[in-house]
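The following exercises are to be solved with the sequence and the structure at hand. Each task is followed by a solution in steps.

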Amino acid sequence: MGFPRQRLRRLRQNESLRRMVRETTLTPDSMIYPLFVTWGEGRQEPISSMPGHFRWSVDLLVKEATEAQAAGVPAVILFGIPELKDERGSAAYDKEGVVQRAVRALKDQLPELFVITDVCIDEYTSHGHCGLVREGRIVNDETLDCLRLMAKTHAEAGVDMVAPSDMMDGRVGAIRDELDQMGFQDIPIMAYSAKYASSLYAPFREAADSSPAFGDRRSYQMDPANAREALREVNLDIEEGADVVMVKPALFFLDIIRLIHDSISAPLAAYQVSGEYSMIKAAAQAGWIDHDKVMMESLLSIKRAGADIILTYFAKEAARLLNDGLR
Ligand code: PBG
């Protein structure tokens with residue numbers, strides 16, 4: 001039965017009707033706000049390629065997190081930029097490291113805020129790689145020891161969930177074992193399972209000063225050409241104990257989000273990465289697109305593709321807009 005009996009425009013006539021038949025709704029409940037934390041006090045360093053984002057010292061990080069929480073954002077994920085980097089990324093698993101201190105401060109001052117930490121040594125290594133380097137190669141199994149230690153110190157600081165983003169094989173199992181042995185059975189792991197070797201991480205690398213000093217990340221991050229391999233990554237991570245799995249980046253990989261959503265039953269997160277954020281900001285600043293509308297459409301697309309959780313640098317702004325809409 002078709003036209004003229006059927007007219008799809010009938011249900012599009014006004015906002016009440018459109019709301020009634022809307023298939024996807026965005027809420028701040030599913031958003032995680034990424035934040036960069038660095039050493040010192042009273043510091044708020046702008047990141048030129050990520051307008052609106054800063055490297056915060058712990059004291060000011062707490063203020064920014066307070067604002068995000070007030071806007072309705074339930075969770076943050078922390079990335080640390082240490083004062084000193086070395087070959088082994090030692091600052092990543094220092095009990096007094098920037099992230100460990102930030103977790104303690106946030107859990108102390110904002111106990112309701114859900115605090116997640118990124119577990120990966122690239123922001124802490126002098127060479128910028130996510131693993132230890134031996135003769136120009138990224139070594140897998142020795143890196144697992146660093147990741148175990150990193151996750152353990154985050155847990156001891158009071159973190160609510162850890163998120164390994166390094167793409168070493170076996171890291172989820174290694175971290176799960178470590179946490180369990182140390183009595184942290186209840187801390188979930190959100191695994192960056194299908195993390196692609198994308199060019200969209202450039203602004204993040206400016207923020208974290210973590211561009212690889214040589215080579216690239218293609219020997220550990222996934223080839224953007226591959227879809228089925230994402231399922232293998234996801235299944236392995238779940239076998240190793242991941243509670244939430246992730247696809248990253250989001251917008252260029254909506255097909256992967258859909259594929260994984262339809263194939264597994266674990267909660268699925270998607271990371272709208274720095275380059276996705278910066279492209280929208282830049283085009284909006286040039287006056288070529290409407291910032292708020294494109295921001296919301298991008299988040300809606302990620303949700304519609306099947307993500308339960310969205311990590312996004314827009315979380316604070318989007319939550320504010322969504323709450324204004326309800327008023
Ligand atoms: C690695 C990590 C990266 C991002 C999140 N975790 C950088 C990388 O793989 O180079 C990128 C996130 C973004 O671009 O927003 N610790």
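**Exercise 1.** Determine which residues alanine 105 is in contact with, leaving aside its neighbours within four places in sequence.

*Solution.* Step 1: contact means heavy atoms within 4.5 Å. Step 2: under this condition, alanine 105 is in contact with Val58, Val62 and Leu110. Step 3: alanine 105 belongs to helix H3 (residues 98-109); helices (H or I, at least four residues) and strands (E, at least two) are DSSP runs, numbered from the N terminus. Step 4: with a relative accessibility of 13%, alanine 105 counts as buried, where buried means under 20% relative accessible area, exposed over 50%, and partly exposed in between (1.4 Å probe, protein chains only). Step 5: from C-alpha to C-alpha, alanine 105 and glycine 2 are 61 Å apart in space, and they are separated by 103 residues in sequence.

The model is a predicted one, in which local features need pLDDT of at least 70 and side-chain atom pairs count only at pLDDT 80 or more, whereas totals for chains, interfaces and linings use all residues. Residues are numbered from 1 along each chain as its sequence is written, and side-chain values use heavy atoms, with hydrogens and water left out.

**Exercise 2.** Establish how many residues of strand S4 (residues 75-81) are buried, and with which strands S4 pairs.

*Solution.* Step 1: seven of the seven residues of S4 are buried, so this strand is largely enclosed by the rest of the structure. Step 2: Ala75, Ile77, Phe79 and Ile81 point one way from S4, while Val76, Leu78 and Gly80 point the other way. Step 3: two strands pair if DSSP finds at least two bridges between them. Step 4: S4 pairs with strand S1 (residues 31-38) in the parallel sense over seven bridges, and proline 34 stands opposite isoleucine 77 in S4. Step 5: S4 also pairs with strand S5 (residues 114-119) in the parallel sense, here over four bridges; valine 76 stands opposite valine 115 in S5.

**Exercise 3.** Locate glutamate 135 and aspartate 209, and decide whether each is buried or exposed.

*Solution.* Step 1: glutamate 135 has a positive phi of about 50 degrees, although it is not a glycine. Step 2: its place is the loop between strand S6 (132-134) and strand S7 (137-139). Step 3: glutamate 135 is exposed, as its relative accessible area is 81%. Step 4: aspartate 209, a residue other than glycine, has a positive phi near 50 degrees. Step 5: aspartate 209 is found in the loop between helix H6 (202-208) and helix H7 (228-239), and it is exposed, with a relative accessible area of 56%.

**Exercise 4.** Describe the peptide bonds that precede proline 4 and proline 249.

*Solution.* Step 1: the bond from phenylalanine 3 to proline 4 is cis, with omega near 10 degrees; proline 4 is found in the segment before helix H1 (15-20). Step 2: the bond from lysine 248 to proline 249 is cis, with omega near -10 degrees. Step 3: proline 249 lies in the loop between strand S10 (244-248) and helix H8 (254-263).

**Exercise 5.** Summarise the chain by its secondary structure and its share of buried residues.

*Solution.* Step 1: the chain has eleven helices and twelve strands. Step 2: of its 327 residues, 54% count as buried. Step 3: among contacts between residues at least 6 apart in sequence, 74% join residues at least 24 apart.
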